[in-house]
Amino acid sequence: METFLERSGTVTDEQVLLARARSLDPEALAELHERYYRMLYFYVLGRVGERMAAEDLTSEVFTRLLEAFHRGRGPERHLAAWLFRTADHLVADHHRARYRRPEVALEEAWAAAREEERSDMVVQERVREALEHLTPDQRVVILMRFWMDLPLAQIARELGKSVGAVKLLQHRALAALAKRLQDLRSDHGAT
């Protein structure tokens with residue numbers, strides 16, 4: 001199976017493809033979806049932790065892209081950055097909605113989990129909570145770098161930033177995550 005990096009092509013190819021997609025060329029739209037869906041899905045999955053929700057939110061990102069193109073808007077350059085920002089907004093909306101209307105009582109979720117799964121759930125929730133306190137750019141860099149295992153140069157190209165800027169974002173994000181996770185550990189007791 002081809003990796004994202006092998007499919008992505010050159011920056012010029014990407015700009016030509018984006019221009020075709022902006023003119024609503026069905027083949028170009030399909031190719032953009034093929035290139036970015038998996039990467040975006042895993043990014044969203046890392047943020048929401050639920051497959052069905054990640055599928056829905058990722059599909060919504062592409063729906064919004066298509067709507068933007070229909071209105072003559074949308075990204076003219078740096079498509080990946082636009083997609084990730086849109087995904088960030090949708091994930092934030094998803095979390096706000098879940099906070100306001102929890103779907104399952106906490107006691108039910110905990111009662112169903114085995115002891116070791118509870119520990120994993122606590123760690124995952126703490127990491128998710130810590131990620132929410134990063135800036136959107138920091139969060140994108142951390143998830144692309146460590147969740148999706150992309151090299152710094154690829155992240156820089158996708159986000160339209162220099163490698164140095166991505167390194168700085170990564171460094172600051174890791175420092176903020178370490179502090180936030182230490183604070184959460186102190187607040188909730190060591191697990």
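Here is a walk through this structure, from model confidence to the core, the aromatic rings and the charged pairs.

Let us begin with how far to trust the coordinates, since this is a predicted model. The chain has an average pLDDT of 80, and 77% of its residues score at least 70. Confidence peaks in helix 4, with a mean of 92, and is lowest in helix 1 (residues 4-8), where the mean is 43. For residues 1-8 the pLDDT is below 50, although this stretch still has 16 contacts in the model beyond near neighbours in sequence. Where pLDDT is low, the predicted coordinates should not be read in detail. We can therefore leave the detail of such a stretch aside and turn to the interior.

In soluble globular proteins, nonpolar side chains tend to be buried together. Here, the largest nonpolar core has 48 residues, and those with the most contacts inside it are Leu32, Tyr36, Tyr43, Val44, Leu83, Phe84 and Met144. Several helices supply two or more residues to this core: helix 2 (11-22), helix 3, helix 4 (51-70), helix 5, helix 7, helix 8, helix 9 (152-159) and helix 10 (163-188). Helix 3 gives the largest share, 10 residues. If you would like one residue to centre your viewer on, try Leu32, whose contacts outside the four neighbouring places in sequence are Glu14, Leu17, Leu18, Ala21, Phe62, Phe69 and Leu79.

Helix 3 is also a good place to look at aromatic rings. The model holds 4 aromatic pairs. One of them joins Tyr37 and Tyr41 in a stacked arrangement, with 6.2 Å from centre to centre and 10° between the planes. These two residues are 4 apart in helix 3, so about one helical turn separates them. Their surroundings can be compared through accessibility: Tyr37 is partly exposed at 22%, whereas Tyr41 is buried at 10%. Tyr41 also pairs with Phe42; this pair is edge-to-face because the planes stand at 70°, with the ring centres 5.2 Å apart. Phe42 itself is partly exposed, at 29% relative accessibility. Together with Phe62, the residues Tyr37, Tyr41 and Phe42 make up one aromatic cluster. Phe62 has already appeared in our tour, as one of the contacts of Leu32.

Now for the charged residues. Side chains of opposite charge can pair when their charged atoms come close. The model contains 11 salt bridges. A local example is Glu31 with Arg35, whose closest N and O atoms are 2.9 Å apart. Both residues belong to helix 3 (residues 26-48), and their spacing of 4 residues is about one turn of the helix. Which of these two partners is buried, and which is partly exposed? Arg35 is the buried one, with a relative accessibility of 8%, while Glu31 is partly exposed at 31%.

Further along helix 3, Arg47 reaches to other parts of the chain. Asp88 forms a salt bridge with Arg47, and their closest N and O atoms lie 2.2 Å apart. This pair links distant parts of the chain, with Asp88 in helix 5 (residues 79-100), Arg47 in helix 3, and their positions 41 residues apart. Asp88 is buried, at 6% relative accessible area, and Arg47 is buried too, at 1%. Arg47 has another salt-bridge partner in Glu132, at 2.9 Å from N to O. Because Glu132 lies in helix 7 (residues 115-132) and Arg47 in helix 3, this contact ties together parts that are 85 residues apart in sequence. Glu132 is partly exposed, with a relative accessible area of 32%. Through shared partners, the salt bridges join Arg47, Asp88, Glu132 and Arg139 into one network.

Arg139 brings us to helix 8, where it is among the buried residues. The others on that list are Gln138, Val140, Val141, Ile142, Leu143 and Met144, and Met144 is also one of the residues with the most contacts inside the largest nonpolar core. Helix 8 (residues 136-147) has 12 residues and spans 15 Å from its first C-alpha to its last, close to the expected 16 Å. Just after this helix, Asp149 adopts a positive phi of about 60°.

Conventions
Residues numbered from 1 in each chain as written. Heavy atoms only, no water. Salt bridge = Lys/Arg side-chain N within 4 Å of Asp/Glu carboxyl O. Buried < 20%, exposed > 50% of the residue type's maximum accessible area, 1.4 Å probe, protein only. Expected span 1.5 Å × (residues − 1). Phe/Tyr/Trp six-rings, centres within 6.5 Å; stacked < 30°, edge-to-face > 60°. Core = buried A, V, L, I, M, F, W, Y, C linked by side-chain atoms within 4.5 Å. Contact = heavy atoms within 4.5 Å. pLDDT = per-residue confidence, 0-100. Lists of a residue's contacts leave out its neighbours within four places in sequence.
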